[in-house]
Structures are given as structure tokens and as C-alpha cells.
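Good morning, and thank you for making time for this item. Please have the model open on your screens while I speak.

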Amino acid sequence: MLKEGRPGWWGLTKRSRALPAWFELPPGAVARPSRPLDDKSSWRTQRPVIDGDRCLRCRLCYLFCPDGAIVEVDGRAVTSIGKTYDVSYSVDYSLCKGCGICAEECPARAITMVPEV
Amino acid sequence: MSRTLMEEPFGASTEVLSANKAVAYAVRDVDVDVVAAYPITPQTAVVEEIARMVADGELEAEYVHVESEHSAISVLAGASAVGARVFTATSSQGLALMHEVLHIVSGLRLPVVMAVATRALSAPISIWNDHSDIMNARDAGWVIYFVSNAQEAYDTVVQAYRLAEDPDVLLPVMVAYDGFLVSHASEPVRVEGRRAISFAPKRWRGLLLGGEPLSVGTLATPDFYYEFKYQQVVAMRNALRVSERVDADFGREFGRSYGLFEAYMLDDAEVALLVTSSLWSPLKRAVERARREGIRAGGVRLRLYRPLPRDGLVKAVSGLRILGVVDRAIGYGLPVAGPLATEITVNVALQAEVMVKSIVAGIGQRSLTHGDLLAMLRYLDKVKGRREEVRDTLFYGVRGGEAP
């Protein structure tokens, strides 16, 4: 659409010329979401990782999480030193915004915030 | 809404109305869906009358009582985004308080219509008329009409919805008229009833359409922002063309049309004044009196201020030797201190090769009669060949200032 030598070509970098011209963009700058509405994963700069060995199953992470991103899973779990539990905790990363509240509240320091790269 | 119109059709009638009330009748007749407003003098009668219409069941609209003008225009932005036909009115500090949202509404391309009964800005506090409020809002991306009487106020609000909702335009519109001098002056007004909505049917469907999630008011990085602003430049160009057509169609439908500007005895004139709103009638009297004195005088009234009907004005004033532009606002720190005079000089007079004399008058509604306009015409006739006379603004009618 952009024509070389025309005013609509002047002052633009090569990268910029590949982007839509004014008449190809929706009036009012409305935008369609780039991922499903229930996917919050793009907000995260770091993600919580739960160490099942250190976890005391106290459920505080589940209670504190503002987005309901901690998932309580029924099922028998055995730690490396042989302790057994009926329940485990994991993270639903499509809901987790990476706020780190769970890691802050965990009394066993079983949750580590790992940078997203 | 349309159901109400079927149940309670308003026929055409002639009423005695002030411009403020005439605007309210136009809002009723184009079946506005959402009104959000905060009272401020001299506009209050507009929203008071609409409140009465809603309370009496003459208009089925959501009437939102807000705590400020900032909220009023914000409510309208939201309502317009989902497709409602919306309206508000304001003046002075109210318009100033709306300021940031004025840009958001035009940037989002929402066809909001607002009446502005123009009034001076504080400080010192003045409830009286001048144009310091509207001139502060002139680059907010809104179409701006200046109207001269109650009938034109009614007609222009109806035209404004048809213009704003045109798919080639999608811009918000201000219909401005001088506070008190026009807003409170009553005259017989022809109101068109439901014929008004036949003329301006609801075409706007909103940005947010059922089911599909969209982000409105997104971030635009340096890679994109400029293109959206350029879209507004193009929309304003389109608005000029569409506004002319809407006015002509209105004339065919109702027998009244105004053009984008009006000229009076301009064809053979050497000197002329360009004015807005309430000054039009006294200017015509002043031109007639100047003619009797042998001055080849003429008058121009600018009706559509944004977008400026440049080409028509160039043609209309090209035979003049000097054009006085009467501003009721001050661009502080500029030797040519009238905002309108500056714009007319650059956009019109340079092409028409006509000298422009900037005249500031009527500040804070300082009395400005046809006698004053006659004095200006005499002054222009005296200085018409003298380039050095047009360098600075004439501050007309200030005690201790320059006098013609």
C-alpha cells in the first residue's frame, strides 16, 4: 500500500514500512485480544514453582492466592524422605499473574519464584 | 427509544424557546438514549429541560446525575462505546474540567454531541459570555459549530447527530452559542417532532458489539499512535464535505439551511468583519449603517469552525482590502492575540491576499452593540491600506486601552 517516493513513505524506517498504513487500522484504536480472555499468563514476569518435598500441605498458598491459581489435587503423594500425603498443590499457569504472594506466605519456603524468560 | 416514538409521536409545532430550550427539544426529537450532565450557568436550562422531559415521559432516556463534568463526559464515552445516542451540555469551567476526556472521546471516534453555551473562564469569576472556554477546546478533535439563534441551535443539534454518526466521519460535535446573548434569548422556534429522527436516524452501533471481546482505549506505541491521529485528520476533512451535504439535505427537508458560513453584502465590499454567534445580527445592522455612510462594508459569520471551510472563505473574502476578525478570547503573549484571527490569517487571508486586523472585544460580555461594530468598520475603512496598522491586535472597549 505504501508507495516509494510518496509522502506516506518519507521518514519511515524499513521496519515501520512493513506495518499497517493509517487506512488499514481500525478507527478508534480498538483491538481484539491476542489470547483467550481467561489466559493471564502474559502478565507474568516470574512464575511460582512448588517443591512437593518441602510443602507442608498447610493450604495457605491456596487461601492467599488472589486469582485462584493454586490447584488442590487429591491423590496419594510420597516425599523423598518417605512422608505421605493425601493431597498436593500445583499452579494453574493460565490464571497465575506471577504476583508472588504464595511464595511470600509459604511458611516452609516451598515456593520459588522463577523468572520468565 | 423507538418504542416510545411509536407510542408518543411528537408532531411539528412552533414554540417560543430560548436557544437552551430549543437544544433540549432537539435532543427529545432525535430520541437521545443517554444524557449525563452537571449544571453550570448559562447552560443549565438545557439539562433542566431535558430532565423535565425525561421525568414527564416525553423522552425515554437514561439521565445520569453525575458529580462533575469530567464524569458527565466519561459516562457518555462509555454509553457511546456500546452504541447509545448520547448528549450533554456545558459551559466555561465545566468544559475545562472535561478537557482530557474531550480528547479521549474524539480519539475513540465516538459520535457524542454536546451543546456549549460559551462563557468566560475564571479568574476572576465571570458567569458572562465570551469564548475563552471554547477556544481552549478548539484542538480537541471535535467538530465545532457556532450558532446564532434558537432556531439554528435546534436545527444544528439535529444536523450534528447525522454528521457525527456518518461512517465517514465518526467524530464528536460541539454546538456552541453565546451564553446569555443567545442561550437565554427567546424566539419562535419551529420544532420538527419525529421528522427530526427521520432526518437523523440512529446509525451508530457502538464499538463493543455483542459477544466479541474488544479492548477500547488501548495503548498505541510510537509505531502506531501517529496513524490513529492521522485518521482524525482525514475524518475532519470528510466532516467538511458531509456537513455541507447534511445542511443542504436539511434545507430540502425543512426549508432552513445555513451553509458553513454566511456572507452579507460581501460581493462588492472593501472592508468586512468576521464574527460568530450572537454578533451576526448586530453586524448586519452595522454593515447597513456603514453602507449609508458610503463605506463599502460587508460581513461574514463563521458557522462551522472546525473543520474550517477554508476554500469557501478564501473565495468569499478575496475581493476585500481588509478583514477585521472579532475574537472574544485572548491568546496571551501573541501580538496578534485573537485565536480566530490567527487562524483566519494563516488559513484564509494569506491565500486570498487580504489583510487581517485582529480585534478582541466582548471579553467577559463587555457590551458590544451594532454601534461598536459600526465603529470597527469605520476604523477598518480608515486603515485599510496601512499595513503597519494590522500588526497588532486592537483591544476594543477596554478602559484605558486603544480606541479606533
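**Helix packing, cores and buried loop residues in chain B**

Helices H8(B) and H10(B) are oblique to each other; that class holds the angles left over when those under 35 degrees count as roughly parallel, over 145 as roughly antiparallel and 65 to 115 as roughly perpendicular. Before I continue, this is a predicted model, in which local features need pLDDT of at least 70 and side-chain atom pairs count only at pLDDT 80 or more, while totals for chains, interfaces and linings use all residues. Residues are numbered from 1 along each chain as its sequence is written, chains are lettered from A and ligands numbered from 1 in the order in which they are written, and side-chain values use heavy atoms, with hydrogens and water left out.

The axes of H8(B) and H10(B), the latter spanning residues 225-254, cross at roughly 130° and come within 10 Å. Axes are lines fitted to C-alpha atoms, for helices over the stretch in contact, and angles run from 0 to 180 degrees between N-to-C directions. Helices (H or I, at least four residues) and strands (E, at least two) are DSSP runs, numbered from the N terminus. The crossing is right-handed, that is, the near helix is turned clockwise from the far one by less than a right angle. Among the residues in contact (heavy atoms within 4.5 Å) are B:Asp155 and B:Arg162 of H8(B) and B:Asp247 and B:Phe250 of H10(B). The contact residues divide into 6 nonpolar, 2 polar and 4 charged; Ala, Val, Leu, Ile, Met, Phe, Trp, Tyr, Cys and Pro count as nonpolar, Asp, Glu, Lys and Arg as charged, and the others, Gly among them, as polar.

A second pair is H12(B), residues 310-317, and H13(B), residues 339-352, with axes 8 Å apart at an angle of about 50°. These two helices are likewise oblique, and their crossing is right-handed. Their contact involves 6 nonpolar, 2 polar and 1 charged residue.

One residue of H13(B) in that contact is B:Ile344, and B:Ile344 is also among the residues with the most contacts inside the largest nonpolar core, which has 58 residues. Such a core is a set of buried Ala, Val, Leu, Ile, Met, Phe, Trp, Tyr and Cys residues joined through side-chain atoms within 4.5 Å. Buried means under 20% relative accessible area, exposed over 50%, and partly exposed in between (1.4 Å probe, protein chains only). B:Leu102, another well-connected member, touches residues including B:Trp142 and B:Met174. A second, separate core of 56 residues includes B:Leu17 and B:Val157.

Which loop holds B:Glu165? It is the loop between H8 and strand S7 of chain B. B:Glu165 is buried, at 4% relative accessibility, and its contacts include B:Arg85, B:Lys202 and B:Arg203. B:Glu192, in the loop between strand S8 and helix H9 of chain B, is buried at 2% and touches B:Asp29, B:Tyr154 and B:Arg256, among others.

Finally, some backbone details. The peptide bond from B:Thr41 to B:Pro42 is cis, with omega near 0°; a cis bond also joins B:Ser122 and B:Ala123, with omega about -5°. B:Asp31 has a positive phi near 55° and is buried at 4%. B:Glu353 has a positive phi of about 55°, but is exposed at 72%.

Note on methods. Lists of a residue's contacts leave out its neighbours within four places in sequence.
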